[in-house]
Amino acid sequence: MSEKRLLNFIFIEGLLLTILGLCVLILPKLTSLTFGVMLSSAFITYGLYKVIISIINKNYISNIIWSIFLGAFILTLGILLLMVPKVSLLWLIALTGVFFLLESISSVAFMSKMRSIFNYVEYKGFAGMILFLVGLIIVVGVPVLSFWIVSILCGIAILIKGMSKITLAIANKK
């Protein structure tokens with residue numbers, strides 16, 4: 001697979017994450033059931049995309065097993081949340097925090113692998129740090145955070161991750 005094709009996949013993923021992040025940010029005070037369905041559909045969409053792209057881009061990913069595991073985790077989380085929409089809000093918040101912690105590790109690993117290939121990879125590192133901080137805030141602050149604050153944090157983290165991918169793809173187009 002060529003670098004141009006990889007950049008196209010990164011751009012599409014960034015666009016998808018930016019749209020999903022904006023959707024989560026626009027509607028933070030919806031009921032828990034509606035937010036659970038919206039968040040689960042976002043996780044299912046992104047989990048499927050991550051598994052498929054991990055398999056397609058296996059030559060560019062240093063640890064394919066980790067990437068596929070992360071995609072499967074996101075997909076499973078989305079399916080579980082969709083199947084049981086009345087799941088405890090604390091579980092939903094805690095699993096969302098774990099997702100952001102795992103995704104931050106994936107972002108930093110991608111940045112370290114692609115540093116020699118692409119320009120402006122530092123944006124991925126910045127996005128990884130934001131994801132880590134949001135995940136840590138959510139996991140540590142579960143009992144005291146209200147649900148709409150968590151949805152705003154999720155929306156910001158997803159939006160920043162999407163924007164960093166779009167920036168990476170556009171900056172490296174030749």
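Contact here means heavy atoms within 4.5 Å. Keep that in mind for the close-ups below, which come from a predicted model.

**View 1. Phe43 and the residues it touches.**
Start with Phe43, one of the residues with the most contacts inside the largest nonpolar core. Leaving aside residues up to four places away in sequence, Phe43 touches Ile74, Leu75, Leu77, Gly78, Leu81, Thr96 and Phe99. Two of these partners, Ile74 and Phe99, are also on the list of residues with the most contacts inside that core.

**View 2. The largest nonpolar core.**
Now take in the whole core around Phe43: it has 27 residues. Besides Phe43, Ile74 and Phe99, the residues with the most contacts inside it are Phe100, Val134, Ile138 and Cys154. Which elements give two or more residues to this core? They are α1 (3–26), α2 (32–56), α3 (64–83), α4 (89–114), α5 (122–140) and α6 (147–171). Apart from this core lies another one, made of 7 residues, and Leu6, Tyr60, Phe110 and Leu168 are among them.

**View 3. The largest pocket.**
Here we swap packed side chains for open space. The largest pocket has a volume of about 350 Å³. It is lined by 25 residues, and the closest to its centre are Lys50, Ile61, Ser67, Ser106 and Phe110. You've met Phe110 already, as a member of the 7-residue core. Helices α1, α2, α3, α4 and α6 each give two or more residues to the lining. Which of them gives the most? That's α4, with 7 residues. The lining is a mix, too: 11 of its residues are nonpolar, 7 are polar and 7 are charged.

**View 4. Ser54 and its partner Ser67.**
Find Ser54 in helix α2. Is Ser54 buried or exposed? Its relative accessible area is 2%, and the cut-off for buried is under 20%, so Ser54 counts as buried. The side chains of Ser54 and Ser67 are joined by a polar contact of 2.5 Å. Not counting residues up to four places away in sequence, Ser54 touches Ile61, Ile64, Ser67 and Ile68. Two names from the pocket turn up again here, since Ile61 and Ser67 are among the residues closest to its centre.

**View 5. Leu22 and Leu159, far along the chain but brought together.**
Leu22 is found in helix α1. With a relative accessible area of 40%, Leu22 is partly exposed, because that value falls between the 20% and 50% cut-offs. How many residues apart in sequence are Leu22 and Leu159? The answer is 137, yet their C-alpha atoms are 6.5 Å apart in space.

Technical notes:
Residues are numbered from 1 along each chain as its sequence is written. This is a predicted model: local features need pLDDT of at least 70, side-chain atom pairs count only at pLDDT 80 or more; totals for chains, interfaces and linings use all residues. Side-chain values use heavy atoms; hydrogens and water are left out. A nonpolar core is a set of buried Ala, Val, Leu, Ile, Met, Phe, Trp, Tyr and Cys residues joined through side-chain atoms within 4.5 Å. Buried means under 20% relative accessible area, exposed over 50%, partly exposed in between (1.4 Å probe, protein chains only). Helices (H or I, at least four residues) and strands (E, at least two) are DSSP runs, numbered from the N terminus. On a 1 Å grid over the protein atoms alone, a cavity is a set of points where a 1.4 Å probe fits but cannot get out, and a pocket is an open set with protein on both sides within 12 Å along at least five of seven lines; lining residues have an atom within 4 Å of a point. Grid points are joined across faces, edges and corners, and a volume is the space filled by probe spheres set on the points. Ala, Val, Leu, Ile, Met, Phe, Trp, Tyr, Cys and Pro count as nonpolar, Asp, Glu, Lys and Arg as charged, and the others, Gly among them, as polar. A polar contact is a pair of N or O atoms within 3.5 Å; within protein, one must be able to donate a hydrogen and the other to accept it, and residues adjacent in sequence count only if both atoms are side-chain atoms.
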